[in-house]
Amino acid sequence: METLNLNFTGPFSFLDRHNSVFTAPCASVAGVYLWTIQQHADRTHMVHYVGETVSLAKRQREHLIHILGLNYGIFDPDKAQQGICELIWPGLWRDKSPDGPHKQIDAYETIHGSVIKYVSVLNIFFAPVEVDPQLRKHIEGCIGWNLRNNHPVDTALYPADNHIGTKSEKNRGQLVIAAPETIRGLDERIPY
């Protein structure tokens, strides 16, 4: 059985220039990343998003554009730090109606301060993974699948409409995972 080590580094930040995801040593590296939100009560991290990329900084720049443009959903940052998932804006991608863009423009005026605060509470952990793109996507999916299916109590901040996909061929081996901080629902070993 094959073993693949995932050594997460971070957390990196969108806003902190001293710990910026855009200038991190791994900024141009391919791998798997986690967005987390640290909890006030116990300082653990709850997963908010699982992703994969060919270039960490490039992908996070794309995400930031979607957040600031209100294409993505915006979550109440104060409640998220208490483990409560409450959308204050659902995201234009969820609203396909002809009135969606008008709602987006109206929301922009009223929630811009919350958007910046939301960005400020997002932490980014990254594990370099030099494998073919399909396998990297499968690894991303296995992490998300494991979180949803084996740790439902830890998915409060991981929206059910986040897409995860895995290859039909599973059980290639084990992901052996290490992280510098406690991330709820991220097991040390996950089959992939």
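**Exercise 1. A serine in a loop**

In which loop is S97 found? Determine also how S97 is placed with respect to D95 and K79.

*Solution.* The model is predicted: local features need pLDDT of at least 70 and side-chain atom pairs count only at pLDDT 80 or more, while totals for chains, interfaces and linings use all residues. Residues are numbered from 1 along each chain as its sequence is written, and side-chain values use heavy atoms, with hydrogens and water left out.

Step 1. S97 is found in the loop between β6 (87–89) and α3 (100–121). Helices (H or I, at least four residues) and strands (E, at least two) are DSSP runs, numbered from the N terminus.

Step 2. The relative accessibility of S97 is 28%, so S97 counts as partly exposed. On this scale, buried means under 20% relative accessible area, exposed over 50%, and partly exposed in between (1.4 Å probe, protein chains only).

Step 3. The side chains of S97 and D95 are joined by a polar contact of 2.6 Å. A polar contact is a pair of N or O atoms within 3.5 Å; within protein, one must be able to donate a hydrogen and the other to accept it, and residues adjacent in sequence count only if both atoms are side-chain atoms.

Step 4. K79 lies 18 residues from S97 along the chain, and their C-alpha atoms are separated by 28 Å.

**Exercise 2. The chain as a whole**

Describe the order of the secondary structure elements and assess the radius of gyration of the chain.

*Solution.*

Step 1. Four helices and nine strands make up the secondary structure. Read from the N terminus, their order is β-β-β-β-α-β-α-β-α-β-α-β-β.

Step 2. The radius of gyration is 17 Å, close to the 16 Å that the globule rule gives for 192 residues, so the chain is as compact as a globular protein of that length. The radius is taken over C-alpha atoms, and the globule rule is 2.2 Å times the number of residues to the power 0.38.

Step 3. Along the principal axes, the C-alpha atoms fill a box of roughly 55 × 35 × 35 Å.

Step 4. Of the 192 residues, 49% are buried. Among contacts (heavy atoms within 4.5 Å) between residues at least 6 apart in sequence, 67% join residues at least 24 apart.

**Exercise 3. The surroundings of T36 and N162**

Is T36 buried or exposed? Identify the polar partners of T36 and N162.

*Solution.*

Step 1. T36 is placed in strand β3, and with a relative accessible area of 0% this residue is buried.

Step 2. The side chain of T36 makes a polar contact of 2.8 Å with the side chain of H45. Leaving aside residues up to four places away in sequence, T36 touches several others, including V47, H48, V121 and I183.

Step 3. N162 belongs to the loop between α4 (133–150) and β8 (173–178). Its relative accessible area is 13%, so N162 is buried.

Step 4. A polar atom of the N162 side chain lies 3.3 Å from the backbone oxygen of H48. Beyond four places in sequence, N162 touches H48, Y49 and R148. H48 is thus a residue touched by both T36 and N162.

**Exercise 4. Backbone geometry**

Which peptide bond is cis, and where do R43 and L70 lie?

*Solution.*

Step 1. The cis peptide bond runs from G10 to P11, with omega near 5 degrees. P11 is part of strand β2 (residues 9–13).

Step 2. R43 is not a glycine, yet has a positive phi of about 65 degrees. R43 sits in the loop between β3 (31–38) and β4 (45–53).

Step 3. L70, also a residue other than glycine, has a positive phi near 60 degrees. L70 lies in the loop between α1 (56–68) and β5 (74–75) and, at 1% relative accessibility, counts as buried.

**Exercise 5. Two helical residues**

Locate Q104 and N149, and state what surrounds each of them.

*Solution.*

Step 1. Q104 lies in helix α3 and is counted as buried at 16% relative accessibility.

Step 2. Among the residues touched by Q104, not counting those up to four places away in sequence, are L70 and W89. Q104 and S13 are 26 Å apart, C-alpha to C-alpha.

Step 3. N149 is found in helix α4 and is partly exposed, with a relative accessible area of 43%. The backbone oxygen of W145 lies 2.8 Å from a polar atom of the N149 side chain.
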